[in-house]
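Me: I would like to go through the reasoning behind some labels given to this structure, setting each value against its cut-off. Here it is.

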Amino acid sequence: AVEILSPTHLHREHVLAAARAGKHISCQKPMANSVAECREMLAATEAAGVTFRISECFYHYPPLEEAKRLITDGAIGTPTMVRIRTVVGDTDSPFQQALDPAGYEWRFDARSPGGHLFDDMVHKYAVALWLFPERIRSVQAVVRKGPLFFEAPTACIFEYDRDDLLGTMEVTHAPKMR
């Protein structure tokens with residue numbers, strides 16, 4: 001098996017190579033930079049007869065596992081709203097200072113189809129899909145361009161197939177928050 005943890009713009013190439021080699025594949029999210037690339041990857045893995053999955057690490061976060069259990073068990077009744085909020089501040093930590101800026105260059109050019117929404121919020125959207133058995137049938141969003149690869153403010157609402165269940169997701173940047 002192969003675990004693909006490379007930058008998103010390399011996923012297609014790596015998945016196709018692994019499929020040609022007959023390897024089962026686990027690929028980090030996001031799957032690819034376009035729907036066309038995703039379809040090509042799916043076709044290649046199906047033709048090769050290998051297992052292909054997109055891994056989502058957020059599902060294994062204990063508070064979210066507990067939320068899923070409570071929802072599934074009916075312990076909190078029938079939820080009618082899921083609200084997901086992200087506030088991003090600036091950091092000035094030894095970890096951040098030790099990062100090589102060259103490792104992030106791909107996030108600022110055509111190799112990345114989006115910034116924070118594509119790189120991080122996809123996790124939160126996946127959680128919204130995972131928490132409830134109902135399918136999401138529509139999504140509307142307002143996205144504003146922020147500093148560097150950050151979009152803020154951003155607001156999103158999604159409708160599930162169940163008419164009494166809605167979801168919201170928002171992102172804001174708090175530059176003075178550490």
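Me: What makes R162 and D164 a salt bridge?

Reply: In this predicted model, the closest N and O atoms of R162 and D164 are 2.5 Å apart. The cut-off is 4 Å between a side-chain nitrogen of Lys or Arg and a carboxyl oxygen of Asp or Glu, so the pair qualifies. By this rule the count comes to nine salt bridges.

Me: Why is D164 called partly exposed?

Reply: The relative accessibility of D164 is 40%, and because partly exposed covers the range between under 20% and over 50%, that is the label D164 receives.

Me: How do you know that R12 and E40 form a salt bridge, and which helices hold them?

Reply: Their closest N and O atoms are 2.7 Å apart, which is within the 4 Å limit, and therefore the pair counts. The bridge links distant parts of the chain, since R12 belongs to helix α1 (residues 8–20) and E40 to helix α2 (residues 35–48), 28 residues apart. R12, at 28% relative accessibility, is partly exposed, and E40, at 33%, is partly exposed as well.

Me: What separates R69 from D73 along helix α3, and what makes them a salt bridge?

Reply: R69 and D73 are four residues apart in helix α3 (residues 62–73), which means about one helical turn lies between them. Their closest N and O atoms are 2.9 Å apart, so this pair also meets the 4 Å criterion. Together with E66, these two residues are linked in a network of salt bridges.

Me: Why is D73 called exposed, whereas R69 is called partly exposed?

Reply: D73 has a relative accessible area of 52%, which is over the 50% cut-off, so D73 is exposed. R69, at 39%, falls between the 20% and 50% limits and therefore counts as partly exposed.

Me: How do you know that the span of α3 agrees with the expected one?

Reply: At 1.5 Å a residue, the 12 residues of α3 should span 16 Å, and because the end C-alpha atoms are 16 Å apart, the two values agree. Just after α3, G74 takes a positive phi of about 75 degrees.

Me: What makes up the largest nonpolar core, and which element gives the largest share?

Reply: This core has 16 residues, and those with the most contacts inside it include V82, F132 and M169. Among the elements that give two or more residues to the core are α3 and β7 (166–174), while α5 gives the largest share, four residues.

Terms used
Residues numbered from 1 in each chain as written. Predicted model: local features only at pLDDT ≥ 70, side-chain atom pairs only at ≥ 80, totals over all residues. Heavy atoms only, no water. Buried < 20%, exposed > 50% of the residue type's maximum accessible area, 1.4 Å probe, protein only. Expected span 1.5 Å × (residues − 1). Core = buried A, V, L, I, M, F, W, Y, C linked by side-chain atoms within 4.5 Å.
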